[in-house]
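Visitor: I'm new here, and I'd like a close look at one thing: the places where the parts of this structure meet. Please take your time and walk me through them.

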Amino acid sequence: MKKFFAVALLFALALTMCGTVFAADKKPVVGLVMKSLSNEHFKKMEEGVRKYTEEDGSYELIARGMNSETDIDTQISIIENFIAQGIDVMCIAPADSMGIAPFVKKAVDAGIVVVNFDNPLDKKALTDNGLPEDFVYVGPNDEYGAYLVAKYMGETLGKGAKVILLEGSPGADNARQRQNGFLQGVEETGLVVLADQTAHWEIEEANTVLTNLLTIHGDEVQGVITAADGMAVGSIKALEAAGLGGKVLVSGYDNQDQVRPLLLEDKLAATVDQFGATNAYEAIKVGIRIMNGEKLSGWIKTPSELVTKNDLK
Amino acid sequence: MMNAVNDANILSIKNVSKNFPGVCALSDVSLDIRKGEVHVLVGENGAGKSTLIKIICGFHPGDSGEVLLEGVHYAPETPRAAMDAGIRVVYQEFNLLSYLSVAENIFFDHLPRKGPLVDKKKLHDDTVKVLRRVGLDVDPWQPVELLGVAQMQLVEIAKAISSKCRVLILDEPTATLSPSEISRLFDIIRTEKQEGLTVIYISHHLNEIYDIGDRVTVLRNGEIVGTKSVKEIDIPQIVSMMVGRQMESEYPFMDEFKQTDIPILEVKRLRIAASPHEISFALKQGEILGIAGLVGSKRTETVRAIFGADARLGGEILLNGKMINILTPKDAVEHGICLLTEDRKSQGLILDMQLDCNISLASIDKVSKLGLIDYGEERRQAERFTASLAIKTPSVSQLVRNLSGGNQQKAVIAKWMFSDANVLIFDEPTRGIDVGAKYEIYLLMWDLLSRGKGILIVSSDLNELMGICHRIIVFSEGQVSGEVLRPEFEQERILRYAYRVS
Amino acid sequence: MDTKKIAYLMLNEAGIGVVLVFLCLVFSVFVPKFATMNNISNIFTQISINTVIAVGMTFVILLGGIDLSVGSVLALCTILAGLTITKETLPLGAAIPLAVLASMAAGMACGLFNGWVCERWKIHSFVVTLGMLNMARGAVLQVSNSRTIYSFPKEFNAFGTLSYYGIPLIFIIAVLLVLIGHFILKKTVFGRMIYAIGNNEEAVRLSGHNTKIYKVTAFVICGATVGLAAILYMLRLNIASPILGNGFELSAIAAVVIGGTSMSGGKGSLIGTLIGAAIIGVLNNGLLLMGMSDFARQIVTGAIIVAAVIIDTYRARLSKMLS
């Protein structure tokens, strides 16, 4: 049995080496490490990137995802496999902005060009692991996107209008950034916040939380600002059930397919598109440019755009 | 032997009473235990023996009265306190840690130490010493789980006498032992008695009283009926004191029922797991057939295989001359064969359900229509059996857990009478049941026999088998090693078959 | 005499109701809008799905088992029903019943698998349903291509907001299910066997019953209630998603256990389960209305769950003394 494993191992090793040599001769190999593929955001990203890769044709793509958002272990083993495989460029959306840093360092030490995207690595974790503080990051500015949508809501509702905020999971980086952006936009346009609660990104929980909040604030609320489209869907159902459908403005985030009809029917006022697929493709291109000798660092911003009914026409 | 007994009382129980919600467990009990005697406590289940023991051992306090230990007021608040005072108990269910070694178990409470570490050498030597006292020859480092039941019991006794022990209480110590193991246990008790140990001995086996006891106290309904020297009293007298009325004999045997030669149940070349032998025998109409044998002779395994409770590897079972295919207990029950298991609490009854639910368990179809239970009918039927079997219970809604052992066994019998079973296989039908209830269960068997049922009894109590069976077959190591008819019943002859000595 | 009997029944079947009444009283006093028809109606809606799942879970737990897969099976059921209902080739009159059927069938199939594997290889349901949790989640992501399904027919969505005298339709369905289940458990041979097996499986087997069939059926029932819960979910939120249902198993188990059903089986009732689900719902609602933060709410909810079970042990003692 032991012998069998040894042979199998050798065989596998030989295969990977062949692969590497083969790849080095031809196109660069790019590994894309995403978060959960059960999340529509990453699923769309994967499909988009595959399409761009086909059109581009100058590199080879290996795309990998995990089972759930917080499955750090799987992500680490993906990175380790990539190192063993000896790929050229790795673009990573870290599941944990601190915990992943040591493995990014490993990959860098193994000679792989690493580009961080979608979710920035923590600055302190970077320096603690001997990586530059301005490690190259390609991605949207969640805080800015959130600011945009909150500002839009404020301008539409007018100064002094009363709103409820539904946030993502406390502790998630992008949830925190979006909350900061919301509060900034709200303050600037003079909105009054009735309640600021989490619904953990969940549809059903957003529905429950908002229904309960409407019991208290039902007769004064004018707007609901949510940190994800799913939570917006749950909120719209809650408003309809409370007889407030169409009377209260709702905003989402991420511009998922499911909110398109809601925008068209005026049930959803606005959402934010952060262009997941182009973002990842951008990261890949940045990686290849670095591989070819260019010096790039710091935050390379990708766009965050407000989407309303008018943009769909 | 008597000279070891002196008249000083080691334990004096004075006017102790104890009430539980709704029950008076002990009322005004006074009893003296003399230093160096073996004092036997007998009484039916619920007579108050265990309550008395639990008060002495610190499980719960008495409501009134007091206990003196060597003349000093003694009221242990915890079992630990009782142990520290030198009162030790060996229960029917052992309290051993099965993964630990014999030595660690014996000295668990006071391991010899060398600084912070266990002094292994001293532990070994002390263990060997105490094992020799109880006549047990095993490696001190052997895990307890590898020992047999008798050996485990000796480990318990060794544990009890390894530290200061003034009174040793043995609760039904012989229930699971073979005759040779019992006589060895008695030897140990006699030796320890010579050394000055006092023993309180609880037993349902009345003949043991004469082998080992000095004095006997009979309890009934929480009161002491009397304390006698064993020389002054015979078994029928003890039984009368226990049940409160005269009984003609311990075992009813009714001559008017004659067994026939027509077989009801035939077992042919039966093969069971972990045994290379084939088993064949037949149960005839109108007879009570006993199966005797030593522990491990595969009697229980055989009846379980007949009933379909465990896998049957080969062989045939014929009912009234026709071959039947029994793969599961369901098949057996549908053919009117039932098994009353040796462990009725865990296999025969649902303790936390009501008596009526238990009685209807095997005949639920008879009290239901279209899958709906007819509660009125179920209750009426249960009440009918409760009355005809004289099950002592306030109502059929009582949880079976709250019934006494004898009444629990009657509930199991009621279950199978209701299902109209034709062949009843009893495995250890009277284990843990007191004398009065035993007698009633034997009468029930005769009642069943009079209705044309066949009865098969597995029992480790030879007196019981010889008392009520028409015929006894003897098992030895998974084979039928002999058959004895009633006129030839003789203990020695049966044991010879069991040990297979000619 | 009769009052004693009623008190005994109350304690046995619905003793935990005391905790529910107490909570409601406290919230009514301290939270101005708690005791309004509107809010009560909201709570009814919010506990319906959990109640339905918990009914099935009660059957499984009464047998000493557990079903951890309900959350992901729920997602699978919503997607299969969603795919059916949005199929354009089907006429609406057929699509809706077919969707319900698809959802129930999928749930029952998963339950059948759970039960069969547990019994065939004698594996504890904890392990088997843990496996099913992953399998169902993987399957639903595969089938749906990890996309959400929405825009159901308006006629279907309209059912979700129906209510009679302020009582939402989906809650009525949940309560009906509780009553049917209660009837099955208390009045039928099947129910008797569930309690008997949960108490002592070997004794039931040796009394000539095929215990395996009952155990597998309990898992199938649990699957069926999940299938029904999936439809209620779609009615309530008009959405079918492969990622919903995370942690639903814990809410359902909590409702069952708070309701007084013993985790080792053999004891408990569906009325208790309904009250258990209501306690969780009332807590979530009341604490939020009090303006408590998310973190504080989690702490208080957890503490009250433990307290409710502690109170329940006293109830058991009290009922013993009465009997």
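Guide: What follows is a walk along those meeting places, from one chain to the next.

First, some ground rules. This is a predicted model, so local features need pLDDT of at least 70 and side-chain atom pairs count only at pLDDT 80 or more, while totals for chains, interfaces and linings use all residues. Residues are numbered from 1 along each chain as its sequence is written, chains are lettered from A and ligands numbered from 1 in the order in which they are written, and side-chain values use heavy atoms, with hydrogens and water left out.

Let's begin inside chain A. It splits into domain 1 (2-140 + 276-303) and domain 2 (142-273), with bounds that come from an automatic or database domain assignment. Their C-alpha centres are 33 Å apart. Each domain brings seven residues to the contact, where contact means heavy atoms within 4.5 Å. Together these two domains of chain A bury about 600 Å², with 25% of that on carbon and sulfur atoms. Buried area here is the accessible area (1.4 Å probe) that two parts lose on being put together, summed over both. On the domain 1 side of chain A, the residues that lose the most area to domain 2 are Glu40(A), Lys44(A) and Pro140(A), together 50% of what that side buries.

One salt bridge crosses between these two domains of chain A; the rule asks for a side-chain nitrogen of Lys or Arg within 4 Å of a carboxyl oxygen of Asp or Glu. Lys44(A) and Asp257(A) form a salt bridge, at 3.7 Å from N to O. The side of domain 1 of chain A that touches domain 2 has three nonpolar, two polar and two charged residues. In that split, Ala, Val, Leu, Ile, Met, Phe, Trp, Tyr, Cys and Pro count as nonpolar, Asp, Glu, Lys and Arg as charged, and the others, Gly among them, as polar.

Keep an eye on Asp257(A), since it turns up again where chain A meets chain C: Asp257(A) also forms a salt bridge with Arg147(C), with the closest N and O atoms 3.6 Å apart. Across the whole interface of chain A and chain C there are three salt bridges and 14 residue pairs in polar contact, both residues at pLDDT 80 or more. A polar contact is a pair of N or O atoms within 3.5 Å; within protein, one must be able to donate a hydrogen and the other to accept it, and residues adjacent in sequence count only if both atoms are side-chain atoms.

Which element of chain A gives the largest share of the side that touches chain C? That's helix 8 of chain A, with 10 residues. Helices (H or I, at least four residues) and strands (E, at least two) are DSSP runs, numbered from the N terminus. By class, this side of chain A has eight nonpolar, 11 polar and nine charged residues. In all, 28 residues of chain A touch 29 residues of chain C, and about 2,600 Å² is buried between these chains, 52% of it on carbon and sulfur atoms.

Chain C has another partner, chain B. There, 21 residues of chain C touch 29 residues of chain B, burying about 2,000 Å², with 60% from carbon and sulfur atoms. Two salt bridges are counted between chain C and chain B, including one from Arg192(C) to Glu378(B) at 2.7 Å between the closest N and O atoms. Residue pairs in polar contact between chain C and chain B come to 10. Helix 8 (169-187), helix 9 (189-199) and helix 10 (201-206) of chain C each give at least two residues to the side touching chain B, and helix 9 of chain C gives the most, six.

Last stop: inside chain B. The assignment gives domain 1 (2-243), domain 2 (259-336 + 422-502) and domain 3 (349-420). The C-alpha centres of domains 1 and 2 of chain B lie 35 Å apart, and 11 residues of domain 1 touch 10 residues of domain 2. These two domains of chain B bury about 840 Å², 56% of it on carbon and sulfur atoms. Between domains 1 and 2 of chain B, the count of salt bridges is zero. Helix 8 (residues 235-243) of chain B gives the largest share of the domain 1 side that touches domain 2, with three residues.
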